[in-house]
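This report goes through one protein model, from single residues to the overall fold. Please keep the sequence and the structure at hand while reading.

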Amino acid sequence: GNVQVTGLGAVAVEDRGDLASAAGAAFDAMDDLPAMIGCVCGDDTVLVVMRDEASAQSFCEELSGLCK
């Protein structure tokens, strides 16, 4: 999938299927993401809202590494 920082502390995660809700639920359940405020899910995209842009950039880089 495609992972990118949208600005203002948000990360857009695009999925290749209809699994965005499952991905959002998994992100919400992670205890090791204290900088995450929450998620908004569509069919194939999750918008992850972080506390600041630095946290968003770090999360984006971590997810991008996992998606390769």
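## Ser 64 and its surroundings

In this predicted model, Ser 64 is partly exposed, with a relative accessible area of 23%, a value that falls between the limit of under 20% for buried residues and that of over 50% for exposed ones. Ser 64 is found in helix H2, and although Ser 64 and Asn 2 are 62 residues apart in sequence, their C-alpha atoms lie 7.7 Å apart in space.

## Overall fold

The protein has two helices and four strands, which follow one another along the sequence in the pattern β-β-α-β-β-α. Of the 68 residues in the protein, 31% are buried, and the protein exposes about 4,200 Å², of which carbon and sulfur atoms supply 52%. Among the contacts with a separation of 6 or more, 47% are accounted for by residues 24 or more positions apart.

## Helix H1 and its packing

Three residues of helix H1, namely Ala 20, Gly 24 and Phe 27, are buried. They cover an arc of only 60 degrees around the axis, which puts them on the same side of H1. As for what the buried residues of H1 pack against, their partners are strand S2 (10-14), strand S3 (36-41), strand S4 (45-50) and H2.

## The aromatic pair

The model contains one aromatic pair, formed by Phe 27 and Phe 59 in an edge-to-face arrangement, with 5.5 Å centre to centre and 80 degrees between the planes. Because Phe 27 lies in helix H1 (residues 20-29) and Phe 59 in helix H2 (residues 53-66), the pair ties together parts that are 32 residues apart in sequence. Phe 27 and Phe 59 are both buried.

## The nonpolar core

In soluble globular proteins, nonpolar side chains tend to be buried together. Here the largest nonpolar core has 15 residues, and those with the most contacts inside it are Val 11, Val 13, Phe 27, Val 48, Met 50 and Phe 59, so that both members of the aromatic pair appear in that list. At least two residues of this core are supplied by each of S2, H1, S4 and H2, and the largest share, four residues, comes from H2.

Met 50 can be followed in further detail: when its neighbours within four places in sequence are left aside, Met 50 is in contact with Gly 9, Val 11, Ala 35, Met 36, Ile 37, Ser 55, Ala 56 and Phe 59. Of these partners, Val 11 and Phe 59 are named, together with Met 50, among the core residues with the most contacts inside the core.

## Cysteines

How many disulfides does the model contain? The count comes to zero. Cys 39 is in no disulfide, and the nearest cysteine sulfur, that of Cys 41, is 5.6 Å away, whereas a disulfide would require the two sulfur atoms to lie within 2.5 Å. Cys 60, for its part, is buried, with a relative accessible area of 7%.

## Pro 34 in the loop

Is Pro 34 buried or exposed? At 63% relative accessibility, Pro 34 counts as exposed, because the limit for that class is over 50%. Pro 34 lies in the loop between H1 and S3, and its C-alpha atom is separated by 8.8 Å from that of Arg 51, which is 17 residues apart from Pro 34 along the chain.

Note on methods. Residues numbered from 1 in each chain as written. Predicted model: local features only at pLDDT ≥ 70, side-chain atom pairs only at ≥ 80, totals over all residues. Heavy atoms only, no water. Phe/Tyr/Trp six-rings, centres within 6.5 Å; stacked < 30°, edge-to-face > 60°. Buried < 20%, exposed > 50% of the residue type's maximum accessible area, 1.4 Å probe, protein only. Contact = heavy atoms within 4.5 Å. Areas by Shrake-Rupley, 256 points an atom, 1.4 Å probe, with all protein chains shown as cover. Arc of directions from axis to C-beta. Core = buried A, V, L, I, M, F, W, Y, C linked by side-chain atoms within 4.5 Å.
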